[in-house]
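Please open the structure in a viewer and keep the selection tool at hand. The tour proceeds by short stops, each beginning with something to select.

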Amino acid sequence: PNHFLDYDYVSSLNLPRERYDYIALLYSSGTLRKYSLKVDSPGFLPWKIAESADLLEAQWRLWRRSGPGSVERRQIEQNIINTAGLLGHYVGDAANPDHATSNYNGWTSPNPNGYPTDCDAHWRFETQFISRDIDPSAVFPLVKPARLSNDYFATALEEIRDSNALVEILYRLDRDGAFEPGSRTEPAGRQFALERLAAG
């Protein structure tokens with residue numbers, strides 16, 4: 001549940017910054033009952049990003065206070081690298097529309113547009129297509145300049161909202177074969193993937 005937020009379930013709620021307040025809201029708002037969900041079903045991604053960013057900030061504070069060359073500092077540096085890597089993974093998840101919708105493994109809502117319904121839809125884009133067709137060096141020119149933000153939760157939620165707005169585009173590309181090698185729509189699929197990777 002830390003790797004996604006099925007934003008369709010919670011988009012009408014005023015999402016609180018604290019994970020446990022969010023859990024309480026899922027109950028009090030009737031969201032769990034309305035959609036027949038377990039408490040972790042909608043996901044916790046923006047909270048995990050914010051918690052990881054807070055942890056990373058605290059680890060850097062410890063690093064500044066530790067003695068240069070000390071065993072303590074070396075351990076803190078390893079912790080920083082680990083936390084930063086995990087945080088990068090969660091932020092990357094937020095940039096993938098499959099991690100921002102209840103339609104994460106094939107389209108499950110009413111489907112008048114004939115979007116793929118197979119559970120391989122997520123894997124087809126996130127793993128198979130990106131691993132096969134995307135050159136990481138093509139991502140770097142699309143990365144926007146860094147933007148300072150110390151409101152980690154709001155920043156994470158904004159990324160998830162942006163991703164959720166692209167869910168139908170992702171499914172339209174998949175339906176039209178954009179993630180298949182050599183298809184006429186493959187260039188559009190590649191551009192979409194590059195932009196999402198750059199966003200992450």
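The stops below lead from the whole chain to individual helices, rings and one loop residue.

**The whole chain**

Display the entire chain as a cartoon, and bear in mind that this is a predicted model. The protein chain has nine helices and zero strands. Read from the N terminus, its elements run α-α-α-α-α-α-α-α-α. The C-alpha atoms fill a box of roughly 60 × 45 × 25 Å, taken along the principal axes. Of the 200 residues in the chain, 40% are buried. Among contacts with a separation of 6 or more, 70% are accounted for by residues 24 or more positions apart.

**Helices H4 and H7**

Next, select helix H4 (residues 45-65) together with helix H7 (residues 152-164). Two packed helices are described by the angle between their axes and the distance between the axes. For H4 and H7, the angle is about 140 degrees and the axes are 8 Å apart. The two helices are therefore oblique to each other, and H4 passes H7 in a right-handed crossing.

Now show the side chains where these helices meet. On H4, select Leu45, Pro46, Trp47, Ile49, Ala50, Ala53, Asp54 and Glu57; on H7, their counterparts are Tyr152, Phe153, Ala156, Leu157 and Ile160. By class, this contact has eleven nonpolar, no polar and two charged residues.

**The rings of Trp47 and Phe153**

How many aromatic pairs does a search of the whole structure find? The search finds twelve. For one of them, keep Trp47 and Phe153 in view: their rings form a tilted pair, 5.2 Å centre to centre, with 45 degrees between the planes. Trp47 belongs to helix H4 and Phe153 to helix H7, and the pair links distant parts of the chain, 106 residues apart.

Are these two residues buried or exposed? Trp47 has a relative accessible area of 1% and is buried. Phe153 also counts as buried, at 6% relative accessibility. Add Tyr22 and Phe44 to the selection, and a cluster appears: ring pairs link Tyr22, Phe44, Trp47 and Phe153.

**Helices H6 and H9**

Move on to helix H6 (residues 121-133) and helix H9 (residues 186-199). They pack at an angle of about 105 degrees, with their axes 11 Å apart. H6 and H9 are therefore roughly perpendicular to each other. Phe125, Phe129, Ile130 and Asp133 make the contact from H6, and Glu186, Gly189, Arg190, Phe192, Ala193 and Leu197 make the contact from H9. By class, the contact of H6 with H9 has six nonpolar, one polar and three charged residues.

Select the rings of Phe125 and Phe192 within this contact. Both residues are buried. Their ring centres are 5.8 Å apart and their planes stand at 55 degrees, so the pair is tilted. Because Phe125 lies in helix H6 and Phe192 in helix H9, the pair ties together parts that are 67 residues apart in sequence.

**The buried residues of H6, and helix H8**

Which residues of H6 are buried? Ala121, His122, Arg124, Phe125, Phe129, Ile130 and Asp133 are. What covers them includes helix H8 (167-175) and H9.

Select H8 and H9 to see how these two helices are placed. Their packing angle is about 150 degrees, and their axes lie 10 Å apart. H8 and H9 are therefore roughly antiparallel to each other, and H8 passes H9 in a left-handed crossing. Ile169, Leu170 and Leu173 in H8 meet Ala188, Gly189 and Phe192 in H9. The residues of this contact divide into five nonpolar, one polar and no charged. Phe192 thus appears both here and in the contact of H6 with H9.

**Ser36, a loop residue**

For the last stop, select Ser36, which is placed in the loop between helix H3 (31-35) and H4. Is this residue buried or exposed? At 67% relative accessibility, Ser36 counts as exposed. Its backbone also deserves a look. Most residues other than glycine have a negative phi. The phi of Ser36, by contrast, is near 55 degrees, a positive value in a residue other than glycine.

Notes:
Residues are numbered from 1 along each chain as its sequence is written. This is a predicted model: local features need pLDDT of at least 70, side-chain atom pairs count only at pLDDT 80 or more; totals for chains, interfaces and linings use all residues. Side-chain values use heavy atoms; hydrogens and water are left out. Axes are lines fitted to C-alpha atoms, for helices over the stretch in contact, and angles run from 0 to 180 degrees between N-to-C directions. Helices (H or I, at least four residues) and strands (E, at least two) are DSSP runs, numbered from the N terminus. Angles under 35 degrees count as roughly parallel, over 145 as roughly antiparallel, 65 to 115 as roughly perpendicular and the rest as oblique. Contact means heavy atoms within 4.5 Å. Ala, Val, Leu, Ile, Met, Phe, Trp, Tyr, Cys and Pro count as nonpolar, Asp, Glu, Lys and Arg as charged, and the others, Gly among them, as polar. A crossing is left-handed if the near helix is turned anticlockwise from the far one by less than a right angle, and right-handed if clockwise. Rings of Phe, Tyr and Trp (its six-membered ring) pair if their centres lie within 6.5 Å; planes under 30 degrees apart count as stacked, over 60 as edge-to-face and the rest as tilted. Buried means under 20% relative accessible area, exposed over 50%, partly exposed in between (1.4 Å probe, protein chains only).
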